[in-house]
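Thanks, everyone. Please put the structure up on the screen, and I'll walk through it.

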Amino acid sequence: MIKGSLTFPGDKSISHRALMLGAFGDGESRLSNLSTGADVQSTRACLETCGISIRDEGNDVIVKGGRFSDPKEPLDCGNSGTTLRLLIGLLAGQGINATFIGDKSLSSRPMNRILDPLSQMGLKAESNNGTLPLSIHQSELTGIHYESPVASAQVKSAVLLAGLGATGKTSVTEPINSRDHTERMLKGLGAELSVDGNSSTVSRLSSPLSSFDMTIPGDPSTAAFFASAAALVPDSEITLNSILSNPTRTGFFSALEKMGAGMECLKQWDEAGERIGNLKIFHQPLQAISINEKDVPRLIDEIPILAILATQAEGTTEVRGAEELRVKECDRIYAICSNLKRMGADIEELDNGFIINGPTPLSGTKIETFNDHRIAMAFTIAGLIAEGETVLDNPECASISNPDFYNVLKSVIV
Ligand code: S3P
């Protein structure tokens, strides 16, 4: 069974943004509990290559606000879509000339979703048919109103960050609200930013942002794997401490509760403009659930682990409106369906999701991770309840978001 009380490294989305916005500060910003994942290291290294001074002080990271300079070498964003898309917008707004590269997965992901609005703002850029390598050239940007066809915080944030250096006002409207950390942080640090329903508007920065001290709340997307382990394994109970509970990020925990898992909110408080909570999760029989396009942005990164839960739930779970999963670190719809089929689940692949009939016993098999951290972690949790051995082709890729995943998991198995 699973027993324990855990705290987690800082939320990955907030960690990227804290490093980037610290670079706009009027002094030094101190970041505590920054995400330990390789993705956030990519953001740090790219900012350093652009002349921003960042240093470690004990467990904290100190970012010194300053001017960005043209990088002398290509900016390597590794596996990180957030690093790449947000930095393209941010550096475009600061008139920087830069070339971006990344690993095989990132190099095949679509970038026109960023280049389209930025070129409407006046950015001169070229890419390899909308993929990496991609170069941006110093350009005068003008604010636009952009109607984004996708609910994507990466698209929204790229445009808003470019807007910090564009003349006039820059606004983005999304079909469904995506995570709003960029807006919350910009507003909190003194930028002129307003939010009206699904639209956010920012003005050109006329002075540096305030520097800040921030303890980054625990990553709910990392915690979701441990919550699921406790929900799946009989007699389990786990406490998750200081977890980010921003309403644009709590979709997974709402779904888990709806599925019938035992859940108790022990405490909630606000810090640095975000809601944070301590949660207890315990095993109880699970029921099927329906997820539609309106639910998807609030649990987009948790769908792989939700699929594992659904195999143990009574009834038919449907996930629809999740076509964005096809262009994540891998094609996650295919990765979920092909691996779960091999484990013996009753799953049907849809263009924009999947249908799972449960419960079915799972059997251990060889899992293809497609080098995707969330696929690796989701199927490790599936392995806890599978009959026989589950072997991942690349377990190490979990370190993209959580290098401690396997050690922490071992520590809660009793
Ligand atoms: C993120 C936004 C989401 C999410 C990703 C992190 C962010 O991507 O999947 O892991 O920090 O802005 P999209 O905005 O492309 O959906």
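Let me start with a question: along strand S6, residues 98-101, which side chains point to one face, and which are buried? Keep in mind that this is a predicted model. The answer is an alternation: Ala98 and Phe100 point to one face and are buried. Thr99 and Ile101 point to the other face and are not buried. That fits the general rule: in a regular strand the side chains alternate between the two faces of the sheet.

Now, who sits beside S6? Strand S5, residues 75-76, runs parallel to S6, and two bridges join them. Look at leucine 75: its bridge partner in S6 is phenylalanine 100. Recall that Phe100 is one of the buried side chains of S6.

Step back to the whole sheet. It is open, has four strands, and reads S5-S6-S8-S7 with mixed pairing. S5 and S7 stand at the edges, each with a single partner strand, so one side of each is left without a neighbour in the sheet.

Stay with S7 for a moment. The strand covers residues 124-128, and lysine 124 is found in it. Is lysine 124 buried or partly exposed? Its relative accessibility is 48%, so lysine 124 counts as partly exposed. Along the chain, lysine 124 and histidine 137 are 13 residues apart, yet their C-alpha atoms are separated by 5.4 Å.

Next, strand S4, residues 60-64. S4 is mostly covered, with four of its five residues buried. Which strands pair with S4? Strand S2, residues 28-32, does so in the antiparallel sense, over four bridges. Strand S3, residues 53-57, is also antiparallel to S4, over five bridges. Two registers to note: leucine 31 has valine 61 as its bridge partner in S4, and arginine 55 stands opposite isoleucine 62 in S4.

S3 and S4 form a hairpin, with two residues between them. In that turn, glycine 58 has a positive phi of about 60°.

One residue of S4 deserves a closer look: aspartate 60. Its relative accessible area is 16%, and the cut-off for buried is under 20%, so aspartate 60 counts as buried. What does its side chain contact? A polar contact of 3.1 Å joins the side chains of aspartate 60 and serine 32.

A quick stop at helix H7, residues 181-188. The buried residues there are His181, Thr182, Glu183, Met185 and Leu186. After H7 comes glycine 190, with a positive phi near 105°.

Another glycine, further along: glycine 353, in strand S21, residues 353-358. Glycine 353 has 0% relative accessibility, so it counts as buried. Its C-alpha atom is separated by 4.7 Å from that of arginine 320, and the two residues are 33 apart along the chain.

Now the ligand. Where does it lie? Domain 1, 11-215, and domain 2, 220-412, both give residues to the shell around the ligand, so it lies between them. The shell is made of Ser13, Arg17, Thr82, Ser152, Ala153, Gln154, Arg179, Ile300, Asp301 and Lys328. By class, that is two nonpolar, four polar and four charged residues.

Three contacts to oxygen atoms of the ligand are worth listing. An N or O atom in the side chain of serine 13 is 2.7 Å from one. A polar side-chain atom of serine 152 lies 2.8 Å from one. For glutamine 154 the atom is a backbone N or O, at 2.9 Å.

How much of the ligand is covered? On its own, the ligand has 380 Å² of accessible area, and the protein covers 95% of that. Which elements give two or more residues to the shell? They are helix H1, 12-22, and helix H6, 153-163.

To close, two things to take back to your desks. The ligand lies between the two domains, because both give residues to its shell. And S6 shows alternating side chains, with Ala98 and Phe100 on the buried face. That's my tour.

Technical notes:
Residues numbered from 1 in each chain as written. Predicted model: local features only at pLDDT ≥ 70, side-chain atom pairs only at ≥ 80, totals over all residues. Heavy atoms only, no water. Near = heavy atom within 4 Å. Polar contact = N/O pair within 3.5 Å; in protein donor to acceptor, adjacent residues only side chain to side chain. Areas by Shrake-Rupley, 256 points an atom, 1.4 Å probe, with all protein chains shown as cover. Nonpolar A, V, L, I, M, F, W, Y, C, P; charged D, E, K, R; others polar. Domains from an automatic or database assignment. Buried < 20%, exposed > 50% of the residue type's maximum accessible area, 1.4 Å probe, protein only. Pairing = 2+ DSSP bridges.
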